Amino acid sequence: MCGIIAYIGKDRVKDVLLDGLEALEYRGYDSAGLYIAGAGPIKAVGPVANLRKKAALMPDGNLGIAHTRWATHGKPSEANAHPHTGRGSIWAVHNGIIENHSELRQKLMGEGRVFASETDSEVVPHLIERAMERGASFEDAVFETVRVLKGAFGLAIAHRDAPDRMVAVRMGSPLVIGVARGGRIIASDAAPVIRHTRDVVYLKDGDVAIVSADSHRIFSFLKEAVSREGETVPFGAEEAKRGGYEHFMLKEIMEGPEVLRNAIRGRIAKDGWRVKLGGLESNDERLRSIERVVIAGCGTSYYAGVVGKYLIESLADIPVEADIASELRYREPILTPKTLLIALSQSGETADTLEAVREAKRKGAFTLGIVNVVGSSIARETDAGIYNHAGPEVSVASTKAFISQTAVLALVALFLGSQRNLGASRRKEVLEELSALPEKMERILANRGLVERIAKRYAESGSMLYIGRKYMMPLAYEGALKLKEVSYIHAEGYGAGELKHGPLALVSESFPVFALAPRDSVYEKTLSNMEEVRARGADVIALVTEGDAEASRIAKETIEIPETIECLYPALAAVPLQLFAYYAAVARGLNVDRPRNLAKSVTVE
Ligand code: F6R
């Protein structure tokens, strides 16, 4: 995820910026750049060390803005690295996604403005410069600009001819002002600020801050003065990287609502029932001819693929197979030009998934990558792509990637459905519910103390069984995988209907069962399965829809999630499962973010 650090003050700006960029490295990035007023910009692809080398030759100053970029629009390159400018007077660094960038860009190009990058961000300095050329002051030009931007943006902006101030803007992408002796810092999180000061002011959405070395004033987008209380950062530098959480895994689970917002941002048309996915729209004809879908992935991505199968079959009415990529590539699969192969991968580098893509291409299938890491091998080799925009996942266990994958797959299912027989009203219903998920997920996260208590209680279990039906079956697999990989507790996931066909023999008093039983079309059946295991003496931990007294009567422990439509329960249900595994691992004193024997990216077979 991109990082911002900007500084104005008495210290050596170059050092503050470069050290700040290094403190932001943990967020993941592919390129970096900085602008120092009076000294100009420098940019470099790769580690901050590359930028540092270039900076050695550059004069210092007392105002500068800098950025680590995690590509979203446009490949990693110097041209796409920030800061961006229009005609050289305004320089800006941006985190987030500007949804209406293409229409703004068209308009600005029509007026003769020349763009140097493929980024959505570049419209910002152009718009500010245009307003200034029409007579606005620096600040007024910023106010004018932010009012036309749609999407999420955290911005730090410098004006070549105004070295006494810079401007920070927050809308949906966090920014903090550090109040140090002799200067002020603007940053995307507290990590690069802490080495200078612990006194900070967190901006809120809709804030514009005008920042000089010894003061800052905050306004609304309508230029009304706003007051924000200062705070003292209560944690150290390492913790700051984890957003103040003890582990990256918890930080990443807590990012779920934001991840959902980023997955759907700009992808729902204004009419509320059309899905806008550039990678699919540009292949409209080819996708209409598809008669079968095969989804390939590994581990958690494969389980998201099973959710995708159910989504696409029910919303688009196309036969779908979800396949473990390592099986697909070796089992002589039937893939034809009328097959759509969807490769699901957080890293975009998983060897088996990449090989499945290559095999599908050899056989003439159309390939679509749903990938989080921009510019990764799968993103490059597939015929079309959709990025998750979930930001880097540092913890080995996939958490936010899974949530994002289920949301993107819902969008894909709706898109394919719209090409076939799926009516507008059903599409609208799903999209409205999808848009409501982030807030519902926030409610689940606010209740994480309960999951922690239950997880502690079962943290010494020898084995656990996870059961669920229909959309909850892949979630049962995923819950079991999460538990085993981070807590090393043996766990099995099963379709609840399979109980009597074998696994029921395992169930006893010392064998807790996690039952996934939201109020969906198979709810009654799952309830019967819960009765079955309880009758064998097992403790049942049930994940249920809010207010479900019936399931609570059977279960020993109940975790509630808000109501949604059946096909969207996976995103919500994933969160308590992730939290349960996390807290069980913490209770066992394990290295949650780096489980033994595992790597984040599996680039070998
Ligand atoms: C589980 C986990 C793994 C990955 C799998 C695929 O928590 O992280 O099972 O999901 O290795 O990785 P990607 O999605 O990068 O292809």
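Here a visitor asks about the terms used for this predicted model, and a guide answers.

Visitor: How do you know which residues and atoms count here?

Guide: This is a predicted model, numbered from 1 along each chain as its sequence is written, and local features need pLDDT of at least 70, while side-chain atom pairs count only at pLDDT 80 or more. Totals for chains, interfaces and linings use all residues, and side-chain values rest on heavy atoms, with hydrogens and water left out.

Visitor: What makes a residue part of the group around the ligand?

Guide: One of its heavy atoms has to lie within 4 Å of the ligand. By that rule 14 residues surround the ligand, and the closest are S301, S345, Q346, T350 and E485.

Visitor: Why is the S301 pair with the ligand called a polar contact?

Guide: The term means a pair of N or O atoms within 3.5 Å; within protein, one must be able to donate a hydrogen and the other to accept it, and residues adjacent in sequence count only if both atoms are side-chain atoms. A polar side-chain atom of S301 sits 2.6 Å from a ligand oxygen, so the pair qualifies. Q346 brings a polar backbone atom to 2.7 Å from a ligand oxygen, and V396 has a backbone N or O atom 3.3 Å from one. As for cover, the protein hides 89% of the 410 Å² of accessible area that the ligand has on its own, going by the Shrake-Rupley method with a 1.4 Å probe.

Visitor: What makes up the shell, by residue class?

Guide: The split is 4 nonpolar, 8 polar and 2 charged. Nonpolar means Ala, Val, Leu, Ile, Met, Phe, Trp, Tyr, Cys and Pro, charged means Asp, Glu, Lys and Arg, and the others, Gly among them, are polar.

Visitor: Which domains and helices feed that shell?

Guide: Domain 2 (251–444) and domain 3 (447–587) each give at least three residues, with bounds taken from an automatic or database domain assignment. Helices α11 (299–316) and α18 (472–487) each supply at least two; helices are DSSP runs of H or I with at least four residues, strands are runs of E with at least two, and both are numbered from the N terminus. The chain also has domain 1 (3–241), and the C-alpha centres of domain 1 and domain 3 lie 45 Å apart.

Visitor: How do you know that β23 and β24 pair?

Guide: Two strands pair if DSSP finds at least two bridges between them. β23 (residues 513–517) and β24 (residues 540–545) have 5, in the parallel sense, so they pass. One bridge sets A515 against A542.

Visitor: Why are β22 and β25 called edge strands?

Guide: The open parallel sheet runs β22-β21-β23-β24-β25. β22 (490–495) and β25 (557–561) each have a single partner strand, so one side of each is left without a neighbour in the sheet.

Visitor: What makes β13 and β14 a pair?

Guide: They share 2 antiparallel bridges, and the rule asks for at least two, so they count. F219 stands opposite A225 in β14.

Visitor: What about the hairpin of β2 and β3?

Guide: β2 (residues 31–36) and β3 (residues 40–45) pair in the antiparallel sense over 6 bridges, with I36 opposite G40. Between the strands are 3 residues, and G38 takes a positive phi near 90°.
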